[in-house]
Amino acid sequence: MGRRIDLSSLLGTPEDPRAAASLPPVSLPPVSRPPVSRDTYQLTVPLTDLTENPDNPRHELRDLDGLAETLRERGVLQALGVVSRGAFLAAHPQHADAVGDAPYVVLHGHRRLAAAKIAGLREVPVLVREDASRTDEDALIENVQRDDLTELEQARAIHGLIGSYGYSQRDVAGRIGKTQGFVSQRLSLMRLRPDLQEALADGLLSVEDARRIARLPADEQALPDAAAAAVPRARRDYGVIRLSARSTPEEVVDGLRRHLSPASLERLVELLGSR
């Protein structure tokens, strides 16, 4: 006949204090808690308190309508990463005019911010940080790791990092978690003439053709015949934009459209509307 076992002893709550004293000590694993940074805190702020980071590597925001519909139904589930205006300007004083008077500058979440405006939201959750010394590097790493940028946007951002911080291609590759070949391929696009970079951004030039053309000297670079035929003549005249003070608003807009890409024109309208 086996010995009867009291259930209380199995649960670790023996009725006899002497039995408790005889039990071996139990070592419990430490409780895992998410790290808390003293330099960040979460808030919910009005959209009017937010402005975009002028160093954001993303030049075009894609598929906003679908995201806006999701935000209408479920709200903003992932807080936008922001930095206080004072901290941002302490690190980037050259952007004072672009930032304006908004209390916070968006570091991560520009697409969510744009979609929230389309969705008619009045406020969004944000995670505020007080260090803006590496905002352009942080934005590049986040977007490249999520494949959120076009190849030309990646090229421009990587080129900016090398120029700003003196990184080698190997340094940049390590920081964004990509190969050195990835970095080298993107940087090759920066050897394109400005008008061909615009054609690439507008989808008139394929990345494969762009890389091939970039190997040529600047004076030998040209659009493939099929792509060149698709570009209106007015769009090929890149350079100084001449506008007369006597021009009507319609004439000014028409002149800008001939010289600016759709993304650049949209950004200009946004900046003028914020004044």
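This note covers model confidence, the salt bridges and charge-ring contacts, and helix α11.

1. The model is predicted: local features need pLDDT of at least 70, side-chain atom pairs count only at pLDDT 80 or more, and totals for chains, interfaces and linings use all residues. Residues are numbered from 1 along each chain as its sequence is written, and side-chain values use heavy atoms, without hydrogens or water.

2. The average pLDDT (the predictor's confidence in each residue, from 0 to 100) is 75 for the chain, and 63% of the residues score at least 70. Residues 1-38 fall below 50 and have seven contacts (heavy atoms within 4.5 Å) beyond near neighbours in sequence. Where pLDDT is low, the predicted coordinates should not be read in detail.

3. There are five salt bridges (a side-chain nitrogen of Lys or Arg within 4 Å of a carboxyl oxygen of Asp or Glu) in the structure. One of them joins arginine 186 to glutamate 151, with the closest N and O atoms 3.7 Å apart. Arginine 186 lies in helix α10 and glutamate 151 in helix α8 (helices are DSSP runs of H or I, at least four residues, numbered from the N terminus), so the pair ties together parts 35 residues apart in sequence. Arginine 186 is buried (under 20% relative accessible area) at 9%.

4. The charged end of arginine 186 also sits over the ring of phenylalanine 182 (CZ of Arg within 6 Å of the ring centre and within 35 degrees of the ring normal), 3.8 Å from its centre.

5. In helix α11, the buried residues include Leu196 and Leu200. The buried residues of α11 pack against α8 and α12.

Conventions
Buried < 20%, exposed > 50% of the residue type's maximum accessible area, 1.4 Å probe, protein only. Helix = DSSP H or I, 4+ residues; strand = E, 2+ residues; numbered from the N terminus.
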